[in-house]
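Good morning, and thank you for coming. I shall walk through one structure today, from the overall fold down to a single residue. Please keep the picture in view as I speak.

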Amino acid sequence: MKILLVDDNARHRRAGIKDLEALGHKVIAISDYWSALDYARNPGNERFDAAILDLLMPAEPTTLSPQAITEYLGREIAVGFPLILKLSQYGIRRIAVATDTNHHQHPMSAIVDWFQDGQPITANGAKVLIMHAPPRSDGTKAWDEILNRLFKD
Amino acid sequence: MRDERYRPVVFVDIEGGPLSRAVKGISFGAKIADHLCDGEKEADIAVTDSIGAALRIVKETEQTIIVVVYFDTEQRKQALAFAARVPNRTRAMTGIPREGDAGFVPEFFNLIKTLAKEKSNENPAR
């Protein structure tokens, strides 16, 4: 499968590439949400079978005024949620948002608890999974496990 | 006797040629790298005058210390706000020191010296 992995953390991305490529998948790992959207909507690129996204990523400077850059640049925003909507519009049929932020540390990570009941969610026809990322012993996300859950029907 | 102390790797990500050359020219005790990462080995320090580049470097690396040099009031606000948001990885330093500011040059020297000492102690056999 061809998988889009979007995570701002270099360690998580490296682990994701290693884990998922070891399973025979082709992985495109991207560190910011604007670039991920640009890549996914480019008709010249092969369509992704799945996307696995971080929930909280640092705000990028694109379109921001100097004052807004001071206020927001690098601040973690819950961009995983709107990414679900856009990537599903671009035809990705399986999308997981998996956060490693503890639900005691960020309000949007606490909101991920709402989705732990296992009820399926669909957005623009895509199957969507919103979850706390299962951790490996080295602190990286267990990407293979996330992918397994995304494709478990 | 050969100096066996660790020399931190410095990557300079500054668009303007003269400023970039000046920073490279004063990186005493450090090695200048052409790339942020050499395989899995990251530069110890990255110097930039762009807040957007600083964010990109934070995301592309795990350990690199990012020095954001600022020259005017607006850049100062942005650099200080960003450094406060990513305090373990980022240092904001003024390129035009005023009263009370150490300024980029002495702070940068200190950073290189501190990292050289820390890394030499991590691996005393070096």
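Let me begin with a term that we shall need: two residues are in contact if their C-beta atoms, placed from the backbone, lie within 7 Å. Please also note that this is a predicted model.

I turn to chain B. Its secondary structure amounts to four helices and seven strands. Following the sequence from start to end, the order of these elements is β-α-β-β-β-β-α-β-α-β-α.

What are the overall dimensions of chain B? Its C-alpha trace extends over about 45 × 30 × 30 Å along the principal axes. The radius of gyration of chain B is 14 Å, which agrees with the value near 14 Å that a compact globule of 126 residues would have. Of those 126 residues, 35% count as buried. As for contacts in chain B between residues at least 6 apart in sequence, 49% of them link residues at least 24 apart.

Next, the nonpolar cores. The largest has 38 residues, and those with the most contacts inside it include Leu4(A), Val6(A), Ala51(A) and Ile92(A). Let us take Val6(A) as an example. Setting aside residues up to four places away in sequence, Val6(A) touches Ile30(A), Tyr33(A), Ala36(A), Ala51(A), Leu53(A), Asp54(A) and Leu83(A). There is also a second, separate core, with 34 residues, and among them are Ile45(B), Val67(B), Phe82(B) and Leu115(B).

How do the two chains meet? The contact involves 13 residues from chain A and 14 residues from chain B. On the side of chain A that touches chain B, helix 1 (10-22) and helix 3 (66-72) of chain A each provide at least two residues. The largest share, three residues, is that of helix 3 of chain A. By character, this side of chain A consists of six nonpolar, three polar and four charged residues.

Finally, a single residue: Ser27(B). Where does Ser27(B) lie in chain B? Its place is the loop between helix 1 (17-25) and strand 2 (31-33). Is Ser27(B) buried or exposed? Ser27(B) is buried, because 20 other C-beta atoms lie within 10 Å, and a residue counts as buried at 20 or more.

Which residues does Ser27(B) contact, apart from its neighbours within four places in sequence? They are Val10(B), Ile32(B) and Ile112(B). As a last distance, the C-alpha atoms of Ser27(B) and Val69(B) are 14 Å apart, with the two positions 42 residues apart along the chain.

How values were computed
Residues numbered from 1 in each chain as written. Chains lettered and ligands numbered in written order. Predicted model: local features only at pLDDT ≥ 70, side-chain atom pairs only at ≥ 80, totals over all residues. Rg over C-alpha atoms; globule rule 2.2 N^0.38 Å. Buried ≥ 20, exposed ≤ 12 C-beta atoms within 10 Å, placed from the backbone. Core = buried A, V, L, I, M, F, W, Y, C linked by C-beta atoms within 7 Å. Nonpolar A, V, L, I, M, F, W, Y, C, P; charged D, E, K, R; others polar.
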